[in-house]
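Trainee: Could we go through this model together? I would like to begin with the basics and then turn to the details.

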Amino acid sequence: MRQGLSSGMTLADARARSPDLATAPHDPIADARVLEQLAGAMIAFTPLVALDAPDGLLLDVTGCAHLFGGEEALVRRVVKEVGPTTRHALAPHSAAARALARFGGKDDVRTLPVAALELDEGALSGLRRAGLETLGDLAARPMAGLAARFGELAVSRLRAILGETGSPVIPVRLTEPIRLETRFPEPLGRTDDALEVVEDMLTQAGRTMEQRQLGGRRWAVTLHRSDNQRRRLVVETGLAVRDPGAVMRLLRERIDTLSDPLDPGFGFDAITLAVLHADHLPSRQILLESGKEENADNVSALVDQLSVRLGEDSVRRLIPRDRHLPEKAQALVPALRLRGAPWPEPEDMPPRPLLLLDPPQPVEVIAGVPDSPPQRFRWKGRLHDVILAEGPERIGAEWWLKRGGHMPGAAGETRDYYRIEDGAGRRYWIFRHGLFSEKPDPRWYLHGLFP
Amino acid sequence: MSRPQAPACIEDPPPGTLPRLARAQLHEVHAAAEDWASALAFAFGMVDAEKARPVLLLRPRRKGAGFVPCGEGLRALGVDPARLVIVDARNDAALLRAGLDAARSSGPAAVLMESWGPMREYDLVASRRLILAAEGSRIPVVILRGDAEPRSSAAHTRWTVSSAPSAPLEMRAPGATTLLVELVRRRGGPAGQRWRLEWNEDHGGFRELPLDTQPATEERGPPLPGTVVPLSAVRTRAPLRRTA
């Protein structure tokens, strides 16, 4: 602002005015998310928070200010919470507050410029040409004439800002988190009893979630011991679930794999259950014949169970990636995070081995120079004679990912892949890392086994 | 045994034909580490599994360089890579436990378990448990044993699989997947047969080849420099003449 920059300016123009300008691409989705988070944080000050798109928040602090020691103190705390770059205004109704916060001015809305009406450029310049600079000037004129010349919108905005018509606040309705707590008059001495209580709580939580059409993905159970120790157990599921039995199985699995076993000590005083992450899960039809719920992906329960026991990174699926290098053309991702991604239709490409060696293993090779398949190679100390060979399949390095990779000679090493069969009938995938024109002594690697 | 052996039904294949890795049974596949791809290809190609459901591949964590299944390679065997779920177990005990849980649930189409070395935890009791689980869920369970001596177990079949020389394509390129498999043991049936199998891409299955017709070596061998002339039959077979 101070250097003459404003929104809507071209980048070249802005850079000309301020050469050391830091720039970042505009990400409206991230902005909206931050705004929603801020709205969530404002719930500490008032229950009625509304989003004022794209970059504002409206807080209805009627009856709230005295809790924080007056309006000024409240504003100070809000500004401290949000950040020092905030512009704020207090007004009897939301349209006036918005106009005051965005277009400056003192507490009197009549001194605001006509730009506060947020009309299009044509109407605004028409108002200015007519000598009407402030809202006070406008308010003194008959409304009918204004509506005839500058449109009905000008009048309705003006009347809203002046407080002649209502400007309701539509608050963001924050959903109440699903959190249950059970306290016991006497501490529970056995873990099994505590787990039964947890199962009851899960059933209750399931009922609440069914009303909201939700299913839990992340569950946290906290066991409060009477000596003020807490144990927190978190389980995750790949699909949203409401079934208490499924969550109980995972919890028992988690308890079994604890490195530090669950010890009730002098007993548990209280148990809390929280659903940390929930997804939409519509009510399912119950099948008449069997009475069981339909189950679409029948391996997901098993994946959840194994993920809890062995760790999320131990249960994985293969997904395709749009890369050329064979080891990067696929990736292993936790099955909990992703349900089978469809693979693209096969392209017409040379065959790939069934197993890839990770990482490729260096082998000693005797091969003709420059572009002949290997004649003999030594892997793990054993010599293999090559009987049949096919190739090369040439795969270039990913120069576009390398800094300066587009320069000649800096692209990285090209690989020449050969499919070979040795005397024992075993088929291998072997490559020379680099052409003879790229480096004097390229090495050979074994990269895969064909069946 | 309390349970009588099931009598041969009409659906049973005639003796001598290649049995598949049937459902509700436990199968063992032995192979060397160099033939591991062949063992996996045999398991994926011969297992009698539903086409749409996921296949579980359980492996123990290994030190050093490991094998990663390649999606495109799986597709060549008619397995959609999106169906594969890979489970890494900490050790053999965890592997067997995870395998047992997988075999109990009726979700997956098949459960394949990789194992290496002697694997002390895998015995008659463990294999019997796996069979009971497989019978309950009606899915096939295959345990692949790398670099291992056969141990007594309750498995229905035991196979040894190795790669075999393929029929060369044009320009001396390696041909289709060719395996040499031997049915070492089979509960309630003859064993000891051997087959030479070739993957038939058009039909998406293994095709039996005659056992004895190895591709002629003179066609296969490259003209290596300095090839040694083989010893003549007279020199090798003729009995030594007494000189005294």
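Mentor: The conversation below covers the fold, the interface and selected residues.

Trainee: What kind of model is this, and how are residues and chains labelled?

Mentor: This is a predicted model, in which local features need pLDDT of at least 70 and side-chain atom pairs count only at pLDDT 80 or more, while totals for chains, interfaces and linings use all residues. Residues are numbered from 1 along each chain as its sequence is written, chains are lettered from A and ligands numbered from 1 in the order in which they are written, and side-chain values use heavy atoms, leaving out hydrogens and water.

Trainee: How many helices and strands does chain A have?

Mentor: Chain A has eleven helices and 14 strands. These are DSSP runs numbered from the N terminus, with helices (H or I) of at least four residues and strands (E) of at least two.

Trainee: What share of chain A counts as buried?

Mentor: Of its 451 residues, 39% count as buried. Buried means under 20% relative accessible area, exposed means over 50%, and partly exposed lies in between, with a 1.4 Å probe and protein chains only.

Trainee: How many residues of each chain are in contact at the interface?

Mentor: In chain B, 61 residues are in contact with 51 residues of chain A, contact being heavy atoms within 4.5 Å. About 4700 Å² is buried between the two chains, and carbon and sulfur atoms give 59% of that area. Glu34(B), Val68(B) and Pro174(B) supply 14% of the area that chain B buries against chain A, more than any other three residues. Buried area here is the accessible area (1.4 Å probe) that two parts lose on being put together, summed over both.

Trainee: How many salt bridges are there between chain B and chain A?

Mentor: The count is five. In one of the salt bridges, Asp101(B) pairs with Arg309(A), and the closest N and O atoms are 2.2 Å apart. The rule requires a side-chain nitrogen of Lys or Arg within 4 Å of a carboxyl oxygen of Asp or Glu.

Trainee: And over all chains, what is the count?

Mentor: By this rule, 41 salt bridges are counted over all chains. Among them, Glu28(B) and Arg158(B) meet at 2.9 Å, N to O. Glu28(B) lies in strand E1 (residues 26-31) of chain B and Arg158(B) in strand E7 (residues 157-163) of chain B, so the pair ties together parts that are 130 residues apart in sequence.

Trainee: Are Glu28(B) and Arg158(B) buried or exposed?

Mentor: Both Glu28(B) and Arg158(B) are buried.

Trainee: Changing topic, how many disulfides does the structure hold?

Mentor: The structure holds zero disulfides over all chains, a disulfide being a pair of cysteine sulfur atoms within 2.5 Å. Cys64(A) is buried, with a relative accessible area of 8%, and Cys70(B) is buried at 5%.

Trainee: Where does Thr191(A) lie, and what is it in contact with?

Mentor: Thr191(A) lies in helix H9 (residues 191-212) of chain A. Leaving aside neighbours within four places in sequence, Thr191(A) is in contact with Leu262(A), Pro264(A) and Phe268(A). The C-alpha atoms of Thr191(A) and Pro264(A) are separated by 6.3 Å, although the two residues are 73 apart along the chain.

Trainee: Why does Thr191(A) count as buried?

Mentor: Thr191(A) counts as buried because its relative accessibility is 18%.
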